[in-house]
Amino acid sequence: MLIIGEKLSIIAKRVREAMMKKDKGPIQEIAISQWKAGAGMIDANIGPAEDGGEDLMQWMVTTIQAVVPLPVCLDTTNSSALEAGLKVHNSQWGKPLINSTSNDPERFPILELGAKYNAQVIGLTVGKGGLPADAEERAAIAAEIMARAMEYGVPLEDIYLDPLVLQIATSQDHARHVIKAIKMFQEMNDPPMKTVVGLSNISNGCPKTLRPILNRYYFMLLMLEGLTAAIADAHEMAEVTKTYDVMMGKTLYAHSYLEM
Amino acid sequence: MALSGVEIFKLLPKTNCKKCGHPTCLAFAMKLAQRQATLDACPDVSDEAKRVLGEASAPPVRPITFGSGDKAVKMGEETVLFRHEKKFVNPCAFAVEVKDTLSESEITKKIEDVLASEIDRVGQKLRIDAIAITNASGDKGKFEAAAKLVSSKAPNTPVILSTTDTAAAEAAIKLFSGKRPILYGANSSNADAMANIAKTEKAILGVTAHGLEDLSNLTEKIKALGVEDMVIDAGSVKAKDILGNNTLIRRAATKKNFKPLGYPVINFVQRDDTLLELLVAGIAVTKYSSVIVLSSIEKWKNLVLFTLRQNIYTDPQVPMQVEQKIYNIGEPKPESPLMITTNFSLTYFIVSGEVENSKVPSRLAVMDCEGLSVLTAWAAGKFTATKIAQFITESGIEKDISHKELIIPGYVAILSGSIEDKLEGWKVTVGPREANGLPAFLKARAA
Amino acid sequence: MAFVASKETYSGKVYQVNIGTGANAANLGGENVLPFHSFEGTVPNKPVIAYEIQDVPPTDWPENVQKPYSSVSGDPVAWAKFCQDNLKAKAIALRLLGTHPDRENRSPEVAAKTVKDVLSAINVPLIILGSNHAEKDAPVLVAAAEAAKDRNCIIGKAQEANYKTIVAAAMANNHKLIAMSELDINLSKQLNILITQMGFDKERLVTDPMCSALGYGLEYTYSVMERIRLAALTQNDLTMQPPMLADVGMYVWKIKEAQAPESEMPLWGNTEERGIAWEATTATALLVSGAELLIMRHPRAIEAVEKLIEELV
């Protein structure tokens with residue numbers, strides 16, 4: 001299970017302020033803490049980043065990789081910021097991951113970046129205007145994205161399909177559609193397609209005390225269907241992945257398994 | 001039920017040859033399951049698989065095109081009982097009855113009303129879709145004459161010919177050759193002859209019986225006679241029966257894949273009381289009817305029906321959008337506040353409602369963000385400083401107001417500096433995060 | 001293939017809520033099937049339509065819906081009697097609009113007197129509504145609930161922001177209660193839970209998922225109501241089993257289609273007929289999606305919907 005440490009997002013006030021002031025301290029502190037908790041990649045979410053997105057993404061990538069030996073997930077809708085970030089990404093610890101392309105024509109060129117910079121790309125299974133109604137519609141969009149990836153020269157092993165997790169508080173039915181989609185996505189290629197979710201969106205808008213509960217149990221269900229990766233808080237998920245591995249016989253049980 | 005992607009996959013060659021343009025057979029199967037691809041794209045599929053897929057992929061309610069040309073109406077293809085589950089696919093058609101007992105000038109007037117019924121609503125052209133000529137006279141000649149009048153004055157409008165008299169049907173239907181009319185009136189006593197006419201003329205056959213059991217038997221019989229395209233009527237007249245029978249038909253088709261009732265439904269809702277007729281038609285619109293026959297089509301009534309149909313057939317997954325523009329709430333003066341939000345209709349309804357509650361006359365700039373809510377639109381790069389600045393500049397609002405202050409939703413407070421950079425001379429004020437904070441916010445400013 | 005009707009048996013049912021007192025008391029809800037699905041279950045009560053009146057003259061209503069009440073609407077007591085005696089109203093909804101701080105800003109005591117006066121003049125059930133000002137509604141509805149003690153009225157609307165005082169007042173004075181949330185099934189359930197956690201009997205609630213007019217978000221209310229009803233029946237969700245209210249008139253008569261003159265909108269046809277049809281059709285759609293109690297304004301719209309209900313049962 002690949003955890004993509006999610007805490008570096010412009011939506012969080014502390015991170016936003018650090019980004020605005022180019023203050024490396026908080027960014028590196030969070031990156032290190034996610035890495036130590038088990039993250040295998042760090043998400044750098046700079047939002048739409050209209051102004052100075054190129055500089056900001058470069059700064060984020062180099063700031064993070066100066067302290068943690070991990071690849072970065074470049075998370076923005078601004079493709080020139082993505083390109084700038086990819087140029088400085090140090091791939092000795094793994095390929096960067098672009099978040100994301102989709103079935104919206106505006107997002108197609110992102111696949112070009114993937115091919116050009118040998119990056120992995122998240123394929124979000126949504127189109128333009130309107131959400132997929134169920135797992136089947138998500139799978140049909142996935143097929144579309146896969147065909148386009150081949151066309152642009154991005155190998156399918158480098159595509160992570162993202163079924164788009166929605167808020168349980170407003171879109172309850174989608175929770176199970178996403179679970180089913182994770183299973184279907186894998187069946188669409190041999191070797192199975194990789195999958196990823198933005199996990200914490202499940203509990204967006206819910207009371208603070210409920211959020212970790214919803215995130216963790218949902219994560220467990222998705223892992224059971226074979227999820228490859230999750231953009232999530234590594235601290236919150238450490239217990240879950242360790243317990244899952246024990247349950248599934250992937251690691252040997254000991255009373256102190258959680259401390260390992 | 002239609003086959004799932006995985007079930008379809010089992011019938012494909014499983015060679016992953018990519019000749020269909022998809023990376024794998026399963027990916028292609030997923031597209032087939034959504035009917036976004038057709039089997040011809042696969043050069044290697046077996047005849048056996050074609051046959052099985054052809055049968056199984058037939059949607060639970062048969063797709064039928066009524067009429068021809070630009071005004072043709074698609075019917076059927078429905079898959080669910082409740083609109084929140086998945087979009088209702090093909091909006092129902094409205095038809096007005098023209099009795100053959102009417103005088104030539106009365107019939108002409110009705111035809112003209114149909115032709116003039118088209119209105120534009122939220123970007124769609126809506127109209128009374130069809131004319132139902134009924135053989136109220138019981139006379140073949142009168143029926144044919146009325147049909148002649150309709151075919152000459154409204155040659156492009158889809159037509160329903162309603163008669164149980166096979167001779168009358170035969171005479172009238174010739175006038176609509178190649179135009180895919182509905183021949184309504186096949187029942188247990190005339191089924192063979194009616195089926196024959198429908199088959200020869202390639203018409204859709206309207207089948208009627210008392211109750212669902214008789215109706216099922218009759219459609220099976222007619223299908224065996226070689227007629228594939230039917231619209232069905234269980235003899236429902238009262239609103240209660242329309243609701244009950246239409247529900248049971250839709251359930252049988254979509255839940256049990258019961259083919260004898262897997263056809264679009266036609267309902268006749270004529271009443272002397274035009275307002276009551278409208279409401280019964282409303283029951284038919286909400287409860288699964290595909291063709292609704294009315295006795296009168298006043299303009300106000302059409303507007304109501306078109307709007308209801310549009311509401312019910314909206315895709316629940318596609319956020320409903322309102323038009324991008326600057327809306328006045330109350331009677332704003334040049335100094336009144338200017339706010340901005342996205343064009344997700346629910347956002348708009350709630351924000352404008354709260355502004356109304358505040359009783360502070362205001363302007364609300366509603367920006368096209370593909371119907372996303374504020375935070376989602378921002379994250380998707382659709383509600384950004386550049387786009388907001390461009391919208392405000394291009395709207396020309398500057399000339400109507402005496403200030404240059406824009407109030408933005410609290411959720412995108414982050415944009416305030418950036419908008420100020422891009423909108424020269426403007427001040428950006430951060431409003432409340434939730435709409436229900438607006439009355440207090442606006443009143444405090446006005447005080 | 002022989003046809004077998006696919007009938008559903010549901011695990012839940014809608015609570016039957018009794019309102020008013022004496023011979024003219026009425027029952028809401030009580031069915032164990034989806035709206036008007038009498039072919040597969042029992043539907044003991046017809047939906048009830050309440051005539052909307054208010055404590056101040058309806059100058060904010062469009063001309064066409066003021067007209068039928070022009071001789072009585074200056075006085076809420078006369079207005080209520082007119083609805084009951086002349087129009088044969090089965091219930092009346094009194095909106096205390098005059099208490100709104102931006103209107104006459106009447107005190108809770110004045111509102112309470114109006115409630116008392118109206119109640120002494122009628123014998124059909126009364127629904128008592130605030131002015132939809134969350135803060136002011138709390139003291140107003142407390143005073144109104146006391147004034148109406150033991151007349152088994154419906155008090156409303158309790159919302160997330162003010163439900164505590166209103167719930168307490170309804171409980172202390174033996175009334176039923178409207179719980180309103182804004183077009184969100186999950187928040188609607190949450191509010192019902194919060195209210196019952198205060199000790200209020202869930203079988204005395206009426207849920208208002210918020211109305212919207214035809215063409216103005218009707219499909220949202222429609223689907224929220226359908227989903228609430230499905231949760232009540234198929235999941236036996238006890239918190240979603242109260243009858244539902246559609247507050248139709250207020251939402252319909254403020255929109256453009258209900259009032260734009262034909263001279264301005266020639267393609268829209270006769271203004272008066274259009275407004276009436278708009279109100280009646282909005283009501284119809286919400287009846288089939290699950291409303292058992294409607295609040296409406298135009299007598300002809302109400303008459304037409306009542307005729308339709310007769311055809312539906």
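# Exercises on a predicted three-chain model

Strand β3 of chain C pairs in the parallel sense with strand β4 (residues 91-95) of chain C over 5 bridges. The model is predicted, and the exercises below are to be worked with its coordinates open.

## Exercise 1. Strand β3 of chain C

Task: Establish which strands pair with β3(C), and determine whether its two faces are covered or open.

Solution.

Step 1. The pairing with β4(C) is parallel; within it, Q54(C) stands opposite R95(C).

Step 2. A parallel pairing of 4 bridges also links β3(C) to strand β10 (residues 291-296) of chain C. Here V48(C) has L293(C) as its bridge partner.

Step 3. Now take the faces. One side carries V48(C), A50(C), E52(C) and Q54(C), the other I49(C), Y51(C) and I53(C), and all of these are buried.

Step 4. Since 7 of the 7 residues of β3(C) (residues 48-54) are buried, the strand is largely enclosed by the rest of the structure.

## Exercise 2. Strand β6 of chain A

Task: Identify the bridge partners of Y160(A) and L161(A), and describe the two faces of β6(A).

Solution.

Step 1. Strand β5 (residues 120-124) of chain A runs parallel to β6(A), joined by 4 bridges. In this pair, I122(A) is opposite Y160(A).

Step 2. Strand β7 (residues 194-198) of chain A also runs parallel to β6(A), with 2 bridges. L161(A) is opposite T195(A) there.

Step 3. Both faces of β6(A) (residues 159-162) are covered: I159(A) and L161(A) are buried on one side, Y160(A) and D162(A) on the other.

## Exercise 3. Helix α10 of chain B

Task: Test the length of α10(B) against its expected span, and find what covers its buried residues.

Solution.

Step 1. The helix has 13 residues (274-286), which at 1.5 Å a residue should span 18 Å; the end C-alpha atoms are 18 Å apart, in agreement.

Step 2. Of the 13 residues, 11 are buried, so α10(B) is largely enclosed by the rest of the structure. Among them are L275(B), L279(B), G282(B) and T286(B).

Step 3. The cover includes α9 (239-256), β11 (266-268), β12 (291-294) and α11 (299-312) of chain B. It also includes α9 (271-289) and α10 (299-312) of chain C.

Step 4. Beyond the helix comes Y288(B), with a positive phi near 75 degrees.

## Exercise 4. The contact between chains B and C

Task: Describe the side of chain B that touches chain C by its elements and by residue class.

Solution.

Step 1. The contact involves 46 residues of chain B and 43 residues of chain C.

Step 2. On the chain B side, the elements giving two or more residues are α8 (212-224), α9, α10, α11 and α12 (345-358). The most come from α9(B), with 10 residues.

Step 3. By class, this side of chain B has 24 nonpolar, 10 polar and 12 charged residues.

## Exercise 5. The domains of chain A

Task: Characterise how domain 1 of chain A meets domain 2 of chain A.

Solution.

Step 1. Domain 1 covers residues 1-75 and domain 2 residues 95-259 of chain A. Their C-alpha centres are 20 Å apart.

Step 2. In the contact, 18 residues of domain 1 of chain A meet 18 residues of domain 2 of chain A. On the domain 1 side, β1 (2-5), β2 (41-47) and β3 (72-76) each supply at least two residues.

Step 3. That side of domain 1 comprises 11 nonpolar, 3 polar and 4 charged residues.

## Exercise 6. I160(B) and the nonpolar cores

Task: Classify I160(B) as buried or exposed, then name residues that touch the most other members of the largest nonpolar core.

Solution.

Step 1. I160(B) lies in strand β7 (residues 159-162) of chain B. It has 28 C-beta neighbours inside 10 Å and therefore counts as buried.

Step 2. Setting aside neighbours within four places in sequence, the contacts of I160(B) include A95(B), A130(B), I182(B) and G206(B). V293(B) is 133 residues from I160(B) in sequence, and their C-alpha atoms are 9.4 Å apart.

Step 3. In the largest nonpolar core, of 244 residues, A95(B), L205(B), I92(C) and A144(C) touch the most other members. Domain 2 (64-312) and domain 3 (325-446) of chain B both contribute residues, so this core lies between them.

Step 4. A second, separate core has 99 residues, including I42(A), A81(A), I202(A) and A230(A).

Note on methods: Residues are numbered from 1 along each chain as its sequence is written. Chains are lettered from A and ligands numbered from 1 in the order in which they are written. This is a predicted model: local features need pLDDT of at least 70, side-chain atom pairs count only at pLDDT 80 or more; totals for chains, interfaces and linings use all residues. The expected span of a helix is 1.5 Å times one less than its number of residues. A residue is buried if 20 or more other C-beta atoms lie within 10 Å of its own, exposed if 12 or fewer, and partly exposed in between; C-beta atoms are placed from the backbone. Two residues are in contact if their C-beta atoms, placed from the backbone, lie within 7 Å. Two strands pair if DSSP finds at least two bridges between them. Domain bounds come from an automatic or database domain assignment. Ala, Val, Leu, Ile, Met, Phe, Trp, Tyr, Cys and Pro count as nonpolar, Asp, Glu, Lys and Arg as charged, and the others, Gly among them, as polar. A nonpolar core is a set of buried Ala, Val, Leu, Ile, Met, Phe, Trp, Tyr and Cys residues joined through C-beta atoms within 7 Å.
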